[in-house]
Amino acid sequence: MQAIGVANGGGDCPGLNTVIRAVVRAAILDHGWRVVGIQDGFDGLIWPERTSPLTVESIAGILPRGGTILGTRSRGDPFHHTVNEGSPKVNNDDAETCRGSMKKLGLDALVVIGGDGTLTIARDLGRMGIPIVGVPKTIDNDLSATEVTFGFDTALHVATDAIDRLHTTAQSHGRVMVIEVMGRDAGWIALHSGIAGGADVILIPEIPFTIEAICEKLRERAARGSNFSIVVVAEGVKLPLLDSFRKPFPKVRPGQVGMQVGDAIHAALDQDVRVTVLGHIQRGGSPSPFDRFLATRFGAEAVELVARGEFGRMVCLRAGEIESVLLDEAVGEIRLVDPQGGAVRAARSVGITFGDHRRIPGGTLREPKDRMAEAVMKEVGMADGRKRSTKDHENPAPGFVEKDFADVLEEERENDRMLAAVGSNLARIGKRLGDLGRALEKPETISDTFELGEFEDVIVQISALLSRYNELRATKLKIQSQLANLSWHRS
Ligand code: F6P
């Protein structure tokens, strides 16, 4: 082994430079190899003039620097390289060109730093016989083969700091603050920063939600005297099909969902709502100490894998130790938040709602994903635990039946009618109870025949009506959950 190349692909991420530094230093100081920096992702292997030697001196000072000194490309893929030759675009297979470039540059192996897309390309180059080792990177923390990726911790610091700042202004103005954070199809950033920042509502792609359940939580807070609230929204959430006024939500991209949620809350509660989209701020700037530590260990271990000739593998973190896994096993399946997992349970137990449940006064926490919801899903042929992918946005799930959707809407209307009737009875009897109570305020006016019996009657009636009212509210929630689930599969 004489020389290695180091490349990164996909979006930038705090800690990339730290890995590059670790690879360069370990390769040169520990093994005496030459290191070449490949610029702009795999493009640097297609055009080898986009490479430069990296030395201990040339990389001095990059450890805490955000971004990547190598530059990167979000969608650079040598297997499907898009060439603009006027119109139409042409896809070239440049994987062989990469092998040729490595020969020209005298490289014996490659260290590739990236997320699922980049590591899939690395795996495929490895299958062609190119000696390659992967390092996992993404702020989304959604790679299944490693407990954590570098970049995630820094993104969490940024998001949590933003939530803290929004808290103080929310409190001052009595506003609802909605903050949209990144994470693509996974809710890790929203979940962790939401818990760390003391959010009241966290919306993640893994848990379908309704606007009504969010508003219920905000009303409950207002009733307890907290007139401000923090709602953290993961950019990848699927909006329910309908808002609280049964108006359809438009289809939106990441960066726009927070605004939709904010508008829907404002329309339902008529409360002052402000929306912040945190965006690429989460990816910029200096990596946190944890990310620097992890990135340095990943970089050093990648060089060790190369030294041992263990190619086609990716470094990873397991039970706090740096290990490695086959690239084949590391890609293709993203790690999502477990809706029944410990972090979600802890969040619920401290009063955070995920927009899928509400607390019934005097009752217990009702979960909407119950047998009734499942039965409806089954009827429409969707209770099959389909694996989700970003492409599922495109088409309704097979088996989605519009008619069943209409039936559930009808069921909701009927339930609302009964809810209104029981509610108005409750109000009437409650008023009578008030009158009786007020009579007690003036004992001098109470006659010997004061109807204690009526008191008892009224209380019995209130108790029965209240329990019916709560039942109907629980049913409403179930129905909304079914609608959310149906729209989840339809959208
Ligand atoms: O994967 C990292 C990430 O920041 C996601 O959280 C986000 O959806 C995406 O990249 C944004 O990509 P781009 O920089 O291409 O807009």
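A residue counts as buried if 20 or more other C-beta atoms lie within 10 Å of its own, as exposed if 12 or fewer do, and as partly exposed in between, with C-beta atoms placed from the backbone. Keep that in mind for the tour. What you have open is a predicted model, in which local features need pLDDT of at least 70 and side-chain atom pairs count only at pLDDT 80 or more, while totals for chains, interfaces and linings use all residues. Residues are numbered from 1 along each chain as its sequence is written.

**Stop 1: the whole chain**

Show the cartoon. The chain has 14 helices and 15 strands; helices (H or I, at least four residues) and strands (E, at least two) are DSSP runs, numbered from the N terminus. Buried residues account for 45% of the 491 residues. Now think about contacts, meaning pairs of residues whose C-beta atoms, placed from the backbone, lie within 7 Å. Of the contacts between residues at least 6 apart in sequence, 74% link residues at least 24 apart.

**Stop 2: M1**

Select M1, in the segment before β1 (3-8). Is M1 buried, exposed or partly exposed? It counts as partly exposed, because there are 14 C-beta neighbours inside 10 Å. Add D108: it sits 107 residues from M1 along the chain, yet their C-alpha atoms are separated by 6.2 Å. Setting aside residues up to four places away in sequence, M1 touches W33, D108, A109, V306 and A307.

**Stop 3: the nonpolar core**

Next, colour the nonpolar residues. A nonpolar core here is a set of buried Ala, Val, Leu, Ile, Met, Phe, Trp, Tyr and Cys residues joined through C-beta atoms within 7 Å. The largest one has 113 residues, and V23, V111, L203 and V233 touch the most other members. Helix α5 (residues 152-173) gives the most to this core, with 9 residues. Zoom in on V111: apart from neighbours within four places in sequence, V111 contacts I4, V6, V23, V133, V135, A302 and V306. In soluble globular proteins, nonpolar side chains tend to be buried together.

**Stop 4: strand β7 and P136**

Two of those V111 contacts, V133 and V135, take you to β7 (residues 132-136), where 5 of the 5 residues are buried, so the strand is largely enclosed by the rest of the structure. Turn the strand around: I132, G134 and P136 are on one side, V133 and V135 on the other, and both faces are covered. Strand β6 (residues 109-114) runs parallel to β7, joined by 5 bridges; strands pair if DSSP finds at least two bridges between them. Look for V112 standing opposite G134.

Now pick P136. Why does it count as buried? Because 28 other C-beta atoms lie within 10 Å of P136. Leaving out neighbours within four places in sequence, P136 is in contact with L119, L143, T146, T149, M314 and C316.

**Stop 5: the β12 and β13 hairpin**

C316 has E323 in β13 as its bridge partner. β12 (313-318) and β13 (321-326) run antiparallel, with 6 bridges between them. The hairpin has 2 residues between the strands, and A319 takes a positive phi near 50°. A319 counts as exposed, because it has 6 C-beta neighbours inside 10 Å. Most residues other than glycine have a negative phi.

For another such case, select D40, in the loop between β2 (34-38) and α2 (43-46). D40 has a positive phi of about 55° although it is not a glycine. It is buried, because 20 other C-beta atoms lie within 10 Å.

**Stop 6: helix α6**

Select residues 188-196. In this helix 7 of the 9 residues are buried, so α6 is largely enclosed by the rest of the structure. Those buried are W188, I189, A190, L191, H192, S193 and G194. Their cover includes α5, β8 (176-181), β9 (201-203), β10 (229-234) and α11 (342-349). After α6 comes G198, with a positive phi near 70°.

**Stop 7: the ligand**

Finish at the ligand. Which residues surround it? They are G11, S74, G115, T138, I139, D140, M182, G183, R184, E235, P254 and R283, where being near means a C-beta atom, placed from the backbone, within 6 Å. This shell divides into 3 nonpolar, 5 polar and 4 charged residues; Ala, Val, Leu, Ile, Met, Phe, Trp, Tyr, Cys and Pro count as nonpolar, Asp, Glu, Lys and Arg as charged, and the others, Gly among them, as polar. Domain 1 (3-151 + 287-330) and domain 2 (153-283) each supply at least three residues to the shell, with bounds that come from an automatic or database domain assignment.

Key. Two residues are in contact if their C-beta atoms, placed from the backbone, lie within 7 Å.
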